[in-house]
Amino acid sequence: MTRQRPPHIVDLSETQPNTRRGGDLRAVLTPTSVGCTSGFMGLAVMAPGEHIAEHYHPYSEEFVYVVAGELEVDLDGEAHPLLTDQGLLVPMNVRHRFRNVGGTEARMVFHLGPLAPDPKLGHVDTEEAVHPEGSAWERPPDRAGAVS
């Protein structure tokens with residue numbers, strides 16, 4: 001009989017920001033934080049005008065759901081609108097970049113799976129991130145109205 005892991009709740013405040021690609025990326029449920037083995041999930045927060053630099057995942061599909069805001073996503077160089085309450089599947093090896101094209105903070109949940117054989121191999125950057133002054137990466141996500 002396989003032993004199951006107990007459920008584990010992780011609060012956003014327990015996570016560390018990752019600003020290397022732009023935005024404020026928070027890996028919430030990860031192999032390190034909860035012992036998962038099939039992928040990881042997190043939250044991306046972008047200020048108006050901010051973007052997450054183009055990259056691709058050679059081992060994983062990326063599932064995205066926009067919780068708030070108005071985004072535009074480039075998929076292999078082609079722009080597509082991505083709005084609140086819309087989801088997107090980014091297939092393995094597809095270059096993608098997210099931009100907040102709205103006037104308010106954008107939030108999107110992401111999940112990648114399966115895991116790469118080594119975390120360093122999971123993302124391949126194809127451009128440098130730009131960090132505009134006053135962007136979300138300089139501050140933690142606003143928790144106003146958050147429900148746990």
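**Reading the fold, from one side chain outward**

Guide: Phe-98 touches Met-46, Glu-50, His-51, Ile-52, Val-64, Glu-72, Val-73, Leu-82, Leu-88 and Met-108, leaving aside residues up to four places away in sequence. The model in which these contacts are found is a predicted one.

Visitor: Which residues touch the most other members of the largest nonpolar core?

Guide: The general idea is that nonpolar side chains tend to be buried together in soluble globular proteins. In this structure the largest nonpolar core has 18 residues, and Leu-82, Phe-98 and Met-108 touch the most other members. The elements that give two or more residues to this core are β3 (40-46), β5, β6, β8 and β10. With four residues, β10 gives the most to it. There is also a second, separate core of seven residues, including Val-28, Cys-36, Leu-43 and Val-45.

Visitor: What share of the residues of the protein count as buried?

Guide: Burial is read from relative accessible area, the limit being under 20%. Of the 148 residues of the protein, 38% count as buried. The accessible surface comes to about 8600 Å², and carbon and sulfur atoms hold 54% of this area.

Visitor: How many helices and strands make up the secondary structure?

Guide: The protein has one helix and eleven strands. Read from the N terminus on, the elements run β-β-α-β-β-β-β-β-β-β-β-β. Sequence separation adds to this reading: among contacts in the protein with a separation of 6 or more, 70% are between residues 24 or more positions apart.

Visitor: In what order do the six strands of the open sheet stand?

Guide: The order is β1-β2-β3-β10-β5-β8, and the pairing is antiparallel. β1 (17-18) and β8 stand at the edges with a single partner strand each, so one side of each has no neighbour in the sheet. Inside that order, β5 (residues 61-68) and β10 run antiparallel and are joined by seven bridges. As a point of register, Ala-68 stands opposite Arg-107 in β10.

Visitor: How many salt bridges does the structure hold?

Guide: The general idea is that side chains of opposite charge can pair when their charged atoms come close. The structure holds ten salt bridges. One of them joins Asp-125 to Arg-21, with the closest N and O atoms 2.7 Å apart. This pair links distant parts of the chain, since Asp-125 is in strand β11 and Arg-21 is in the loop between β1 and β2 (24-29), 104 residues apart.

Visitor: Is Arg-21 buried or exposed?

Guide: Arg-21 is buried, with a relative accessible area of 7%. Its partner Asp-125 has a relative accessible area of 42% and is partly exposed.

Visitor: Which side chain meets that of Glu-72 in a salt bridge?

Guide: The side chain of Arg-99 does, at 2.4 Å from N to O. Glu-72 lies in strand β6 and Arg-99 in strand β9, so this salt bridge ties together parts 27 residues apart in sequence. Both ends are partly exposed: Glu-72 has 27% relative accessibility, and Arg-99 has a relative accessible area of 22%. Glu-72 is also among the residues that Phe-98 touches.

Visitor: With which residue does Arg-97 form a salt bridge?

Guide: Arg-97 pairs with Glu-127, the closest N and O atoms being 2.8 Å apart. Arg-97 lies in strand β9 and Glu-127 in the segment after β11, so the pair ties together parts that are 30 residues apart in sequence. Arg-97 counts as buried at 16% relative accessibility, whereas Glu-127 counts as partly exposed at 27%. Salt bridges that share partners join Glu-54, Glu-72, Asp-74, Asp-76, Arg-95, Arg-97, Arg-99 and Glu-127 into one network.

Visitor: What is the value of phi at Asp-76?

Guide: Phi of Asp-76 is near 50°, a positive value in a residue other than glycine. Asp-76 lies in the loop between β6 (70-75) and β7 (78-83), and at 42% relative accessibility it counts as partly exposed. Asn-93 likewise has a positive phi, near 70°, and is a residue other than glycine. Asn-93 is in the loop between β8 (87-90) and β9 (96-100); at 45% relative accessibility, Asn-93 counts as partly exposed.

Visitor: Which residues are joined by a cis peptide bond?

Guide: The residues are Gly-113 and Pro-114, and omega is about -5°. Pro-114 lies in the loop between β10 (106-113) and β11 (124-125).

Terms used. Residues numbered from 1 in each chain as written. Predicted model: local features only at pLDDT ≥ 70, side-chain atom pairs only at ≥ 80, totals over all residues. Heavy atoms only, no water. Buried < 20%, exposed > 50% of the residue type's maximum accessible area, 1.4 Å probe, protein only. Pairing = 2+ DSSP bridges. Salt bridge = Lys/Arg side-chain N within 4 Å of Asp/Glu carboxyl O. Core = buried A, V, L, I, M, F, W, Y, C linked by side-chain atoms within 4.5 Å. Contact = heavy atoms within 4.5 Å. Areas by Shrake-Rupley, 256 points an atom, 1.4 Å probe, with all protein chains shown as cover.
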